[in-house]
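I opened this model to look up its pockets, its cores and one glycine. My entries follow in the order in which I made them.

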Amino acid sequence: MPMLLEVKPDQPHVVLHNEELITSEMKQSEETVVAEEPVIHLHDYYRQVPVAGVHTTCGEAATMMNQDQEHPCIVLCDEQMKPTGLLMRETLYRMLNGRFAADLFYRKPVIQVVNTSPVIADIHMEASTIIDIALGRNEQHFYDCLLVTDQGRLLGVLTMRDVMSLSRRLQQASSAERVRTVSESRQEISRINDAVTKLVHAANQTVYEAREIMALSKQGEESLKHVDASYNRVHQHMESQGQHADHMLNSIKTGSGMAQSIRSLADQSGLLALNASIEAAHAGEYGRGFQIVAGEIRALAKQTREVAGNMSSLLENIGGLTLQTVELVKASGAEIDDSSVHVTAGGATFRQLNSAVRDLSRIAEEIAMEGGKAGEVAEHIRTKLDEMVSNGE
């Protein structure tokens with residue numbers, strides 16, 4: 001039975017011609033490019049040969065060969081054109097060129113001398129597989145033709161020259177594909193190198209800006225410390241003012257009490273002056289001078305009472321204003337305390353910001369350092385790819 005080589009559908013085809021790159025996925029700053037492998041078509045390589053039936057004789061086969069010296073073989077097929085054997089030209093001539101070969105083989109059916117186990121390749125088979133099978137045959141059948149079929153029906157044959165031409169074409173295509181792949185890889189490496197360079201530049205810029213932010217944050221923290229110290233001093237001053245205002249209120253209360261005492265004494269002096277005037281009137285001529293003095297004392301007592309009343313009213317107004325001042329000082333102190341809390345929180349925020357920016361600066365420095373190393377590696381790879389392209393060309 002012929003040896004039939006089946007197509008392996010799970011294996012990729014080999015491509016000879018250049019195919020476009022297929023972009024299967026694109027993400028930020030990253031592309032995955034898939035290139036199709038070249039596929040070879042056996043239609044361009046197999047050739048037509050004479051076909052013999054089961055009743056064809058060796059002499060008839062020789063006549064077929066003589067009609068066209070380019071035919072390398074004859075293929076024996078059944079009625080459905082399915083190959084059942086192979087007879088090479090050299091094999092037939094070797095049998096018929098002997099001294100008694102014509103008598104022995106000329107009328108003999110060709111089916112008795114053909115190779116009943118030829119290599120059969122499907123038209124859709126991979127070129128690399130066909131080449132491997134052809135080169136893996138034993139020495140006896142190494143130069144035999146390979147039969148090409150489509151769904152089991154004979155299409156033509158491949159000679160060993162055709163197989164070698166197929167192999168050379170495949171190698172050329174593989175070499176071209178390798179050069180193209182290396183060139184594309186070099187372009188990708190260049191793009192990666194440019195991206196890494198931009199990344200390093202951005203990282204260095206981030207480090208610079210982070211240091212600027214750290215400096216500004218430090219200045220802000222120091223400014224808030226000064227503001228907090230100023231708030232504390234103002235708070236102390238306002239506490240002192242509050243204490244002074246309390247002392248003033250106490251003094252005003254004391255002065256108001258003294259004014260009340262003076263008014264009370266003025267009232268008593270007026271009453272005594274009135275009694276003295278009455279007694280002086282009873283004394284007649286002798287008490288007239290004393291009556292004058294008593295009148296003056298009564299007038300002085302009246303003025304003293306008025307002055308004491310004015311002083312008491314003034315002290316009450318001053319006390320009210322002082323009390324309002326004390327309340328305002330207390331309210332201002334509360335506002336300052338509240339502001340001091342916010343200032344303290346702002347200082348803590350600045351410290352946290354400074355710490356975060358410091359970490360950011362450290363990360364950016366690491367990115368810049370690693371990016372520099374990646375750039376060196378990318379440049380080295382690009383140099384090696386350039387060398388590969390130059391060697392390939």
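Entry 1, pocket. I am working from a predicted model. I looked up the largest pocket and found about 360 Å³ of space in it. Its lining has 19 residues, and M88, E90, Y143, D144 and C145 are the closest to the centre. I then asked which elements give two or more residues to this lining. They are β6 (83-88), α2 and α5. By class, I noted nine nonpolar, five polar and five charged residues in the lining.

Entry 2, helix α2. Since α2 contributes to the pocket lining, I checked burial along this helix, which spans residues 89-96. R89, L92, M95 and L96 came out as buried. On which side of α2 do they sit, the same or opposite ones? They lie on the same side, because the arc they cover around the axis is only 135°.

Entry 3, cores. I listed the largest nonpolar core and got 18 residues. Those with the most contacts inside this core are L42, I130, L146, L158, V163 and L166. Two or more residues each come from β7 (119-122), α4 (127-135), β8 (146-150) and α5 (160-283). Helix α5 therefore appears in my notes twice, as it also gives two or more residues to the lining of the largest pocket.

I picked L146 for a contact list, leaving out residues up to four places away in sequence. L146 touches V119, I130, A134, R137, G156, V157, L158 and V163. Another core, of 14 residues, lies apart from the largest one, and I noted C58, L87, L96 and V114 among its members. L96 is also one of the buried residues of α2.

Entry 4, G371. I located G371 in helix α6, residues 288-392. Is G371 buried or exposed? Its relative accessibility is 6%, so G371 counts as buried, the cut-off being under 20%. Beyond its neighbours within four places in sequence, I found G371 in contact with V196 and V200. I also took the C-alpha separation of G371 and H201, which is 9.4 Å for two residues 170 apart along the chain.

Entry 5, whole chain. I counted six helices and nine strands in the protein chain. Of its 393 residues, 33% are buried. Last, I took the contacts between residues at least 6 apart in sequence, and 72% of these join residues at least 24 apart.

Notes
Residues are numbered from 1 along each chain as its sequence is written. This is a predicted model: local features need pLDDT of at least 70, side-chain atom pairs count only at pLDDT 80 or more; totals for chains, interfaces and linings use all residues. Side-chain values use heavy atoms; hydrogens and water are left out. A nonpolar core is a set of buried Ala, Val, Leu, Ile, Met, Phe, Trp, Tyr and Cys residues joined through side-chain atoms within 4.5 Å. Buried means under 20% relative accessible area, exposed over 50%, partly exposed in between (1.4 Å probe, protein chains only). Contact means heavy atoms within 4.5 Å. The arc is that of the directions from the helix axis to the C-beta atoms. On a 1 Å grid over the protein atoms alone, a cavity is a set of points where a 1.4 Å probe fits but cannot get out, and a pocket is an open set with protein on both sides within 12 Å along at least five of seven lines; lining residues have an atom within 4 Å of a point. Grid points are joined across faces, edges and corners, and a volume is the space filled by probe spheres set on the points. Ala, Val, Leu, Ile, Met, Phe, Trp, Tyr, Cys and Pro count as nonpolar, Asp, Glu, Lys and Arg as charged, and the others, Gly among them, as polar.
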